[in-house]
Amino acid sequence: MGAQLIDGKAYAQAVRTRVGLRVRELVAETGQTPGLAVVLVGHDPASEIYVRSKGKQAVEAGMASFEHRLPAEISAETLLTLIHQLNEDTLVHGFLVQLPLPDHLDARAVINAISPQKDVDGFHTSNVGMVGTGQEAIVPCTPLGCMMMLRTLHDDFRGKTALVIGHSNVVGKPMARMLLNADCTVMVAHKSSTNIPQLARMADIIVAAAGVPGLVKADWLKPGATVIDVGINRVPAPDLGPDKTRITGDVDIAARDVAGAIAPVPGGVGPMTIACLLANTLSAYCHLLGLPDRPISLEHKDPT
């Protein structure tokens with residue numbers, strides 16, 4: 001019997017629906033619309049698509065969407081001035097600077113110039129530290145989406161062993177901290193680790209975010225394990241034609257014969273990222289307006 005495929009599109013739609021309902025309630029109560037701003041530097045094609053999707057989904061959820069498109073050669077001083085303005089803008093409750101940035105700009109300095117209260121990407125050092133110490137904070141969107149999906153499959157993480165493969169600041173590290181905060185026993189590996197198969201065989205939960213196509217093999221898995229594939233890798237697809245490529249994850253497709261449940265690539269975690277950005281924006285709006293924040297969750301087996 002094959003693994004249950006976790007439908008990220010259905011989960012994301014459920015999150016967006018719940019965000020939209022809450023936004024309408026709060027706008028009726030306060031007369032203020034949550035505002036999400038995105039700063040895009042340069043013309044990276046993937047970033048362009050992503051920014052358009054963020055704006056479209058924000059508007060569909062009843063939020064105000066603001067875009068600031070800047071030339072690739074912009075100075076750090078000019079970019080930081082815009083960030084300061086957005087920090088002070090009362091119409092903007094959350095914003096992000098789309099990564100990657102051109103090489104002449106220091107991404108770390110840019111991220112840490114954003115007010116932690118408006119840092120809806122959850123990358124500011126303050127938010128990272130608060131998540132790491134188990135305090136309430138804005139959590140990076142992709143691990144937040146992973147955690148939402150995992151909670152629909154596991155009522156209690158105590159006694160579970162999890163393996164996070166990948167140690168990036170965007171996914172791996174915050175994912176490990178969130179699982180640890182949920183009383184999971186957590187192991188962390190990465191693409192340079194030499195004992196991943198042995199660790200994987202002990203894990204009830206695996207989150208693969210190493211950026212290595214097909215890294216996790218079926219025979220590495222504990223039968224019935226829950227697997228969340230976060231890898232986004234573009235690989236050659238000669239069957240589709242010359243120079244064609246396809247998107248694949250970090251988990252070999254044969255793992256579906258062993259896992260109990262798996263979030264595949266594409267269609268798993270990916271759709272949840274923007275949905276969780278909207279959830280983070282709603283939380284930021286509530287905090288800035290002094291409103292009670294009811295975090296969006298999907299803690300039921302049926303995401304709808």
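This short talk walks through a sheet, the helices on it and a separate strand pair.

What we have here is a predicted model, in which local features need pLDDT of at least 70 and side-chain atom pairs count only at pLDDT 80 or more, while totals for chains, interfaces and linings use all residues. Residues are numbered from 1 along each chain as its sequence is written, and side-chain values use heavy atoms, with hydrogens and water left out.

Let me start with the open sheet, where six strands (DSSP E runs of at least two residues, numbered from the N terminus, as are helices, which are H or I runs of at least four) lie in the order S1-S11-S8-S7-S5-S6 with parallel pairing, and where two strands pair if DSSP finds at least two bridges between them. Strand S1 (4-5) and strand S6 (185-189) are at the edges and have a single partner strand each, so one side of each has no neighbour in the sheet. S1 is joined to strand S11 (residues 261-263) by two bridges, and Leu5 has Ile262 in S11 as its bridge partner.

Helix H6 (residues 141-153) packs on this sheet, touching (heavy atoms within 4.5 Å) S1, S7, S8 and S11, and its direction makes about 160 degrees with that of S8, where axes are lines fitted to C-alpha atoms, for helices over the stretch in contact, and angles run from 0 to 180 degrees between N-to-C directions.

Turning to the other pair, strand S2 (residues 35-41) runs parallel to S4, with four bridges between them, and Val38 stands opposite Leu96 in S4.
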